[in-house]
Amino acid sequence: MNTVPNSNSKNVLNSDVEIKGNLRFNGELTFEGKLDGEITSDGTLNLGDSAVINGNINAGTVVVRGKVTGNVSAKDKIELKAKTELFGDVRSFKLVIEEGVTFVGKTEVNPNKVSPTASMGGTRPPGQSDTKLGDAAKLAMR
């Protein structure tokens, strides 16, 4: 029997899943549910449209489509897709932000590819003024 986890595995947790606690996985995970806790992996995390995360995320690659209240750290890349709501800081080697993202926090794009850490400070509570990236980008271009 092979007990070594398959790092190429693809897992899905649908919108009816609610977790209170920390989540660790290998390979790739698509998460559509609700989580109160931290997510840790060297793999790829895909947060779907219905995902609601209250806690920090530290993974190899993170693609966000849902709502996150917490810091997001990735060794390789973070992608914030349209309609994402993120209240927290991000740190990664690469960062992609689409128009229509609501993002309240600080960014650190790491050109030296130093490994990101999970301790980037406290999260920002919801209720602070929301800034639409598309509007801010339009103002900066004037």
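This passage walks through strand pairing and a few individual residues in a predicted model. Residues are numbered from 1 along each chain as its sequence is written, and side-chain values use heavy atoms, with hydrogens and water left out. Because the model is predicted, local features need pLDDT of at least 70 and side-chain atom pairs count only at pLDDT 80 or more, while totals for chains, interfaces and linings use all residues.

A good place to begin is strand E4, which covers residues 28–31. Strands (E, at least two residues) and helices (H or I, at least four) are DSSP runs, numbered from the N terminus. The side chains of E4 alternate: Leu29 and Phe31 point to one face and are buried, where buried means under 20% relative accessible area, exposed over 50% and partly exposed in between (1.4 Å probe, protein chains only). Glu28 and Thr30 point to the other face and are not buried.

E4 pairs with strand E1 (residues 10–13), to which four bridges join it in parallel; two strands pair if DSSP finds at least two bridges between them. Here Leu13 stands opposite Phe31 of E4. Four bridges also link E4 to strand E7 (residues 44–47), again in the parallel sense, and Thr30 has Asn46 in E7 as its bridge partner.

Strands of a sheet pair through backbone hydrogen bonds, either parallel or antiparallel. An open sheet of six strands, with parallel pairing, follows the order E2-E5-E8-E10-E12-E14. Its edge strands are E2 (18–20) and E14 (102–104), each of which pairs on one side only. From one strand to the next, the twist averages 5°, with axes taken as lines fitted to C-alpha atoms (for helices over the stretch in contact) and angles running from 0 to 180 degrees between N-to-C directions. Within this order, E8 (residues 52–54) and E10 (residues 67–69) pair in parallel over three bridges, and Asn54 has Thr69 in E10 as its bridge partner.

Thr61 belongs to strand E9 (residues 57–64). With a relative accessible area of 15%, Thr61 is buried. Leaving aside neighbours within four places in sequence, Thr61 is in contact (heavy atoms within 4.5 Å) with Gly43, Thr44, Leu45, Ala74, Asp76 and Lys77. Lys77 is 16 residues away from Thr61 along the chain, yet their C-alpha atoms are separated by 4.9 Å.

Lys83 sits in the loop between strand E11 (72–80) and strand E12 (85–87). Its relative accessibility is 72%, so Lys83 counts as exposed. Most residues other than glycine have a negative phi. Lys83, although not a glycine, has a positive phi of about 75°.
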